[in-house]
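Here are some warm-up exercises for getting to know a new structure. Try each task yourself before you read the solution.

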Amino acid sequence: MEENIKIKTILSGIKPTGQLTIGNYIGAMKNFIRLQDDYDALYMVVDLHALTVPQDPKELRQKTLSVIAQYIAVGLDPEKSTLFIQSHVTGHTELAWVLGCLTGLGELSRMTQFKDKSAKPGANINAGLYTYPILMASDILLYNADLVPVGDDQKQHVELTRDIAIRFNHRYSDTFTVPEPVIPKSGARIMDLQDPLSKMGKTDSGESGRIALIDDPAVVAKRIKSAVTDSGTEIIYSDKDEKAGIRNLLTIYSNLSGIQVADLEAKYAGKGYGEFKKDLADIVTQSLSPIKQKHDELMKNKDYLDEVLRNGAEKAQNKAWKMLSKVYRKTGLVQLKR
Ligand code: TYM
């Protein structure tokens, strides 16, 4: 019997709001790389999302290209994955309008990321920050993604996307694939090195609390060595708040070296934090140095990046137009005869 096997689609995105951190790498990008071989993979830089906070235009352009270069530098292959910039494809904002008409204000108000961001002193609470999850739902549904690799902090947004997809399918007819998040068991929430009870962020962590993928090795080593630990001596993975610093460092160590946490605990039994941090600094710099080197080379080759982006936009646009026209037809918008 012949089976019609459809290759599943995987899609994700990163905001070009700052330097990508090892949190982005461990929580999301490692899965991007792992899954690109077996799926129709689309990875974008979500520049429109970045506009929800004020951006310097020149810096935004530079950061957007730098994220594309980092995608390639970590191992995403433009021959296998569609790499593109969100604003290069018509359809994301159009579909967001349709989906916004199916989303409740209450649902948006419940989003923890919106609540956190808008609660910050002096926050710029604009409409885009509030409707951001609708644009993210549109990014995902426009390509009928089956899987969405993300870190823990984006899980709620993917859940809202699922609810919106189910609602649309129910109201009109089966149209959207209901996507599943792919969240790593370990490393889905890498914490700030100076405040290990808060997430490491591209912009919300202070410089000494984060490690960027393209930081200088000397900076990386210094940040690891000055990471907050506790007044104890034991290198163990514990859920206790006072162990949050060591827990986070063990998680980073394990994810970058491939050594299980239990084996790390055994390796460092009876040893001091100093030795552990020194080894970790070596592991992190060894993992990041080739990424930085490749990124720096790619940033000098703007013609190559332009070609990757042109191909990516073209492939993504073809899919986006098909989906958008299907959605417009199903919702009752008049289409011109071809
Ligand atoms: P963004 O740009 O904040 O983060 C990119 C990805 O990195 C993950 N991440 C982390 N993982 C572990 N530890 C951390 N400290 C950490 N910080 C960030 C995030 O969970 C995310 O997977 N709204 C999204 C971008 C987006 C998107 C999409 C994602 C827009 N459209 C469609 C998937 C599909 C965001 O702001 O991610």
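**Exercise 1.** Is Leu35 buried or exposed? Work out its surroundings too.

*Solution.* Keep in mind that this is a predicted model. Start with the place: Leu35 belongs to helix α1, which covers residues 22-35. Next comes the accessible area. The cut-off for buried is under 20%, and Leu35 has a relative accessible area of 8%, so Leu35 is buried. Now look for its partners. If you skip the neighbours within four places in sequence, Leu35 is in contact with Ile10, Tyr43 and Val182. Finally, try Pro149: this residue is 114 residues from Leu35 in sequence, yet the two are 9.0 Å apart in space, C-alpha to C-alpha.

**Exercise 2.** Find out which residues of helix α4 are buried, and why they are on the same side.

*Solution.* Helix α4 spans residues 92-100, and its buried residues are His92, Leu95, Ala96, Val98 and Leu99. Here's a handy rule: an α-helix has 3.6 residues a turn, so residues three or four places apart point the same way. Now check the arc. The buried residues of α4 cover only 160 degrees around the axis, which puts them on the same side of the helix. What lies over them? The cover includes the strands β2 (40-45) and β3 (81-85), and also the helices α7 (127-141), α8 (155-171) and α13 (302-331).

**Exercise 3.** Do the same for helix α6, and look at its other side as well.

*Solution.* In α6 (residues 112-119), you should find Gln113, Phe114 and Ser118 buried. Viewed down the axis, the buried residues fall within an arc of 120 degrees, so they line one face of α6. Turn to the other side, and Asp116 and Ala119 are exposed. The cover over the buried residues of α6 includes α5 (105-109), α7 and α8.

One residue of α8 is worth a stop: His157. With 2% relative accessibility, His157 counts as buried. Beyond its neighbours within four places in sequence, His157 is in contact with Met111, Gln113, Tyr132, Pro133 and Met136.

**Exercise 4.** Describe how helix α3 packs against α12, and then against α13.

*Solution.* Two packed helices are described by the angle between their axes and the distance between the axes. Take α3 (residues 57-74) and α12 (residues 273-299) to begin with: the angle is about 130 degrees and the axes are 8 Å apart. These helices are therefore oblique to each other, and α3 passes α12 in a right-handed crossing. On the α3 side, the contact residues include Leu65, Ala69 and Ile72, while those from α12 include Ile291, His295 and Met299. By class, the residues of this contact are eight nonpolar, four polar and one charged.

Now for α13. Here the angle with α3 is about 85 degrees, and the axes are 11 Å apart. That makes α3 roughly perpendicular to α13. Leu65, Ile68, Ala69 and Ile72 of α3 meet Lys302, Tyr304, Leu305, Val308 and Leu309 of α13. This contact has eight nonpolar, no polar and one charged residues.

**Exercise 5.** Which sign does the phi of Asn144 have?

*Solution.* Most residues other than glycine have a negative phi. Asn144 is not a glycine, but its phi is positive, at about 50 degrees. Asn144 lies in the loop between α7 and β4 (147-149). To finish, check the accessibility: at 17%, Asn144 counts as buried.

Methods: Residues are numbered from 1 along each chain as its sequence is written. This is a predicted model: local features need pLDDT of at least 70, side-chain atom pairs count only at pLDDT 80 or more; totals for chains, interfaces and linings use all residues. Side-chain values use heavy atoms; hydrogens and water are left out. Buried means under 20% relative accessible area, exposed over 50%, partly exposed in between (1.4 Å probe, protein chains only). Helices (H or I, at least four residues) and strands (E, at least two) are DSSP runs, numbered from the N terminus. The arc is that of the directions from the helix axis to the C-beta atoms. Contact means heavy atoms within 4.5 Å. Axes are lines fitted to C-alpha atoms, for helices over the stretch in contact, and angles run from 0 to 180 degrees between N-to-C directions. Angles under 35 degrees count as roughly parallel, over 145 as roughly antiparallel, 65 to 115 as roughly perpendicular and the rest as oblique. A crossing is left-handed if the near helix is turned anticlockwise from the far one by less than a right angle, and right-handed if clockwise. Ala, Val, Leu, Ile, Met, Phe, Trp, Tyr, Cys and Pro count as nonpolar, Asp, Glu, Lys and Arg as charged, and the others, Gly among them, as polar.
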